[in-house]
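Reader: Please choose one part of this model and take me through it slowly, starting from a single position and then following the side chains that meet around the fold. I would like to see how each statement is reached.

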Amino acid sequence: MQKLNFQAYTFRFKNSENKTAIFDEIRKKFIILTPEEWVRQHVVRFLLEEKKYPKSLINVEKVLLVNGLRKRYDVVVFNPDGSIHILVECKAPEVKITQGTFDQIARYNMTMKSSFLMVSNGLNHYFCQMDYENEKYQFQAELPDYKIENTPKP
């Protein structure tokens, strides 16, 4: 698989019926390795290892309804209260990230109301913070690291 613009991570692979599969730490199973899956697994490792998000708050490849249509998001990071902190859209490395890619994640986010968006093809990464009051997003240099909110003691 192609080298991506992420740190080097260690993955588990297996071959089955002449296809290579990669182990997904979140779904806890082997997934057929496609170029997009390669990017998705790197994004998950980036969130776990670099940004320190707990595995329990990350969800991968689930169905959502957008205007009555069944769509599938790539990666979501939840807040401990169940609201969505980060919505991630992954593309294969050969897919250029265009305005259409941002339109796609923005449509998904109308339903999900995430605080941050990440779009990556493994080579280029874009991070946005949502501004719902002004109905726009602002590009950021990075995603925030995970931090446990300090809850006041009774």
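Author: Gly82 is a good place to start: it is partly exposed, with a relative accessible area of 44%, a label that applies because this value falls between the limits of 20% for buried and 50% for exposed. The model in front of you is predicted, and that should be kept in mind for everything that follows. Gly82 sits in the loop between strand E5 (69-78) and strand E6 (84-90). If you look from there back along the chain to Arg70, you pass over 12 residues, and the C-alpha atoms of the two residues are separated by 21 Å.

Arg70 in turn leads to a feature of the surface, where it gathers with Lys29, Lys62 and Arg72 in a patch of positive charge. One member of that patch, Lys62, belongs to strand E4 (residues 58-66), and with a relative accessible area of 41% Lys62 is partly exposed. Val63 also has its place in strand E4, and at 37% relative accessible area Val63 is likewise described as partly exposed. From Val63 to Val88 there are 25 residues in sequence, and the C-alpha atoms of these two valines lie 14 Å apart in space.

Strand E4 also takes part in a group of charged pairs, which is best approached from helix H1. Side chains of opposite charge can pair when their charged atoms come close. The structure holds 13 salt bridges, and one of them joins Glu36 to Arg40, with 3.1 Å between the closest N and O atoms. Because Glu36 and Arg40 are 4 residues apart in helix H1, about one helical turn separates them. The two partners differ in their cover: Glu36 is partly exposed at 27% relative accessibility, whereas Arg40 counts as buried at 4%. Arg40 has a further partner in Glu61, since their side chains meet in a salt bridge of 3.6 Å from N to O. With Arg40 in helix H1 and Glu61 in strand E4, this pair ties together parts of the chain that are 21 residues apart in sequence. Glu61 itself is partly exposed, having a relative accessible area of 21%. Through shared partners, the salt bridges join Asp24, Arg27, Glu36, Glu37, Arg40, Glu61 and Asp74 into one network.

Helix H1 makes another contact of this kind through Arg45, which forms a salt bridge with Glu25 at 3.4 Å between the closest N and O atoms. Arg45 lies in helix H1 (residues 35-50), while Glu25 lies in the loop between strand E2 (19-24) and strand E3 (29-32), so the bridge ties together parts that are 20 residues apart in sequence. Arg45 counts as buried, at 10% relative accessibility.

The loop between E2 and E3 also holds Lys28, whose phi is positive, about 55 degrees, although Lys28 is not a glycine. Lys28 is exposed, with a relative accessible area of 59%. A positive phi of about 55 degrees is found at Lys113 too, which is not a glycine either; Lys113 is placed in the loop between H2 and strand E7 (116-120), and at 49% relative accessible area it is partly exposed.

Helix H2 brings us, finally, to the aromatic rings. A pair of such rings is described by the distance of the centres and the angle of the planes. The structure holds 12 aromatic pairs. Among them, Phe102 and Tyr137 are stacked, with 6.1 Å from centre to centre and 20 degrees between the planes. Because Phe102 lies in helix H2 (residues 99-112) and Tyr137 in strand E9 (residues 136-140), the pair ties together parts that are 35 residues apart in sequence. Phe102 counts as buried, at 8% relative accessibility, and Tyr137 as partly exposed, at 25%. Phe102 also pairs with Phe139, here edge-to-face, at 5.6 Å between the centres and 75 degrees between the planes. As Phe139 lies in strand E9 and Phe102 in helix H2, the parts that this pair ties together are 37 residues apart in sequence. Elsewhere, ring pairs link Tyr9, Phe11, Phe13 and Trp38 into a cluster.

Key:
Residues numbered from 1 in each chain as written. Predicted model: local features only at pLDDT ≥ 70, side-chain atom pairs only at ≥ 80, totals over all residues. Heavy atoms only, no water. Patch = residues over 30% accessible without salt bridge, like charges linked within 9 Å, V, L, I, M, F, W, Y side chains within 5 Å. Areas by Shrake-Rupley, 256 points an atom, 1.4 Å probe, with all protein chains shown as cover. Salt bridge = Lys/Arg side-chain N within 4 Å of Asp/Glu carboxyl O. Lys, Arg positive; Asp, Glu negative; His and termini not counted. Charge placed at Lys NZ, Arg CZ, Asp CG, Glu CD. Helix = DSSP H or I, 4+ residues; strand = E, 2+ residues; numbered from the N terminus. Buried < 20%, exposed > 50% of the residue type's maximum accessible area, 1.4 Å probe, protein only. Phe/Tyr/Trp six-rings, centres within 6.5 Å; stacked < 30°, edge-to-face > 60°.
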